[in-house]
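Me: I should like to learn how to read the features of a structure. May we take them one at a time, with the general idea before the case?

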Amino acid sequence: MSTLQDIMSSAGGTAGGESLQAVRRRSLRLLRPGRTPAGVVVALTVSVALAAATGTTVGLVTDSPFGRMPYRQFAAWAGESRWSDSGPLALALLAAAAGVLLLGLAVLPGRTRLVPLEAADPRMVMGLTRSGLRRTLRAAAESVNDVGRARVRLGWRNIEITVVSDADRTGHLLRQVGTAVGDRMAGLGAMCGGEVVVRLRRRGI
């Protein structure tokens with residue numbers, strides 16, 4: 001079992017004297033995606049609502065069929081309703097909840113699906129997809145002799161490598177897998193945090 005800090009320090013440390021944790025936090029913050037899907041949905045909803053309202057208003061003025069929508073009935077209902085009524089109160093609560101949700105989406109960034117990579121230039125931020133990192137680490141583990149197949153799980157606190165093998169010298173095999181995975185992570189400069197844990201599973205179990 002080896003820590004990621006040991007792996008990265010053996011590869012040359014961090015750039016610019018900045019700690020690994022600080023670089024990782026900054027990279028994760030910059031690699032977080034925007035709220036593009038939510039923005040598109042809100043923009044389309046508002047556009048459709050405003051277009052319908054504009055068309056209804058023009059239809060009322062020009063006495064076109066488009067103006068026969070129940071615009072006057074809705075305006076009359078809104079004018080006669082009171083805040084204590086259940087209908088306006090429910091609409092107000094729904095609008096307030098939607099506003100709080102939109103504010104939360106605007107303030108809180110999206111969850112990144114990229115693993116930050118260490119760069120020599122502190123002004124450069126790079127990332128690798130989690131699926132791509134899993135494939136790369138799995139290939140590194142399976143490159144070790146006597147390893148049939150491997151499975152990689154990227155957690156928030158550690159990286160679990162489960163290898164399937166029939167080898168007798170399990171301790172030596174686990175050390176080899178840990179070294180291969182550590183070298184691959186050091187070569188990539190992947191900043192995952194936590195520890196690299198290698199587990200062995202016998203064939204047929």
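Me: In which hand, left or right, does α6 pass α7?

Reply: A crossing is left-handed if the near helix is turned anticlockwise from the far one by less than a right angle, and right-handed if clockwise. Here α6 passes α7 in a right-handed crossing. This is a predicted model, in which local features need pLDDT of at least 70, side-chain atom pairs count only at pLDDT 80 or more, and totals for chains, interfaces and linings use all residues. Residues are numbered from 1 along each chain as its sequence is written, and side-chain values use heavy atoms, with hydrogens and water left out.

Me: At roughly what angle do the axes of α6 and α7 cross?

Reply: Axes are lines fitted to C-alpha atoms, for helices over the stretch in contact, and angles run from 0 to 180 degrees between N-to-C directions. The axes of α6 and helix α7 (residues 170-188) cross at roughly 140° and come within 8 Å. α6 is therefore oblique to α7; angles under 35 degrees count as roughly parallel, over 145 as roughly antiparallel, 65 to 115 as roughly perpendicular and the rest as oblique.

Me: Which residues in α6 meet α7?

Reply: Contact means heavy atoms within 4.5 Å. Among the residues of α6 that meet α7 are Leu-133 and Ala-140, and their partners in α7 include Val-177 and Arg-184.

Me: Which element has the highest mean pLDDT?

Reply: pLDDT is the predictor's confidence in each residue, from 0 to 100. Helix α6 (residues 130-142) has the highest mean, 89, and strand β1 (residues 2-3) the lowest, 42. Helices (H or I, at least four residues) and strands (E, at least two) are DSSP runs, numbered from the N terminus. The chain averages 76.
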